[in-house]
Amino acid sequence: MLSGSCRKSCVVKNLFYRIDLTKIEGEGEFPCPSCGNIISPEDESNLNYEIIDVKTDSQGRLKELLIICKRCGSKIYLEGFELLDELENLKESEGIEEETEGSPI
Ligand SMILES: [Zn+2]
């Protein structure tokens with residue numbers, strides 16, 4: 001007879017979070033919802049996180065990103081890329097205003 005086979009210790013919690021990029025302030029970096037590890041899209045060293053899945057739409061634009069926090073192993077879904085795109089377009093069209101340094105008449 002086997003005794004005490006697989007009890008609570010066998011239950012692995014699959015931690016899953018969702019981050020909406022449009023609700024993040026700054027350059028798109030955010031703390032891991034579980035351990036507070038700062039995850040920055042500009043950090044390409046892959047020390048803090050790793051991208052495990054990328055979803056794009058039919059036009060090849062980034063839609064969702066599934067990353068894993070290397071410190072605690074939480075999986076984090078990033079969404080809201082489309083809206084970011086729209087915001088950037090707005091910024092660009094607003095920034096066209098050229099400052100003309102008028103020569104004195
Ligand atoms: Zn974490």
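Which residues make up the largest nonpolar core? In this predicted model, the answer is a set of 10 residues, namely I19, F30, C32, I39, Y49, L65, I67, C69, I76 and L78. The views below begin with the whole chain and then turn to the strands around this core.

**View 1. The overall chain of the predicted model.** The secondary structure of the protein comes to 1 helix and 6 strands, and when these elements are read along the sequence they follow the pattern β-β-β-β-β-β-α. Of the 105 residues in the protein, 10% are buried. Among the contacts with a separation of 6 or more, 41% are between residues that are 24 or more positions apart.

**View 2. The open sheet of 4 strands.** Following the sheet from one strand to the next gives the order β1-β6-β5-β4, and the pairing is mixed. Strands of a sheet pair through backbone hydrogen bonds, and this pairing can be either parallel or antiparallel. The edge strands are β1 and β4 (49–56), each of which pairs on one side only. On average, and with direction ignored, neighbouring strands of this sheet are turned by 20° against each other.

**View 3. Strand β1 beside strand β6.** Strand β1, which covers residues 16–20, runs parallel to β6, and the two are joined by 5 bridges. Within this pair of strands, F16 stands opposite K75 in β6.

**View 4. Strands β5 and β6 and the turn between them.** Strand β5, made of residues 62–69, pairs with β6 in the antiparallel sense over 5 bridges. Two places help the reader to follow the pairing: E64 has E79 in β6 as its bridge partner, while L66 stands opposite Y77 in β6. The hairpin that these strands form has 5 residues between the strands, and in this hairpin G73 takes a positive phi near 85°.

**View 5. Strands β4 and β5 and the turn between them.** Strands β4 and β5 run antiparallel and are joined by 7 bridges. E50 stands opposite I68 in β5, and the bridge partner of D53 in β5 is L66, the residue that also stands opposite Y77 in β6. This hairpin has 5 residues between its strands, and G60 in the turn has a positive phi of about 80°.

**View 6. The two faces of strand β6.** Strand β6 runs over residues 75–79, and its residues can be sorted by the face on which they lie. The covered face carries I76 and L78, whereas the uncovered face carries K75, Y77 and E79. Both residues of the covered face, I76 and L78, appear in the largest nonpolar core.

**View 7. The largest nonpolar core and the surroundings of I76.** The core of 10 residues includes L65, I67, C69, I76 and L78. The elements that give two or more residues to this core are β5 and β6, and the largest share, 3 residues, comes from β5. If its neighbours within four places in sequence are left aside, I76 is in contact with Y17, I19, C32, I67 and C69. Among these contacts of I76, the residues I19, C32, I67 and C69 are also members of the core.

Definitions and conventions:
Residues numbered from 1 in each chain as written. Predicted model: local features only at pLDDT ≥ 70, side-chain atom pairs only at ≥ 80, totals over all residues. Buried ≥ 20, exposed ≤ 12 C-beta atoms within 10 Å, placed from the backbone. Pairing = 2+ DSSP bridges. Core = buried A, V, L, I, M, F, W, Y, C linked by C-beta atoms within 7 Å. Contact = placed C-beta atoms within 7 Å. Axes fitted to C-alpha atoms, helices over the stretch in contact; angles between N-to-C directions.
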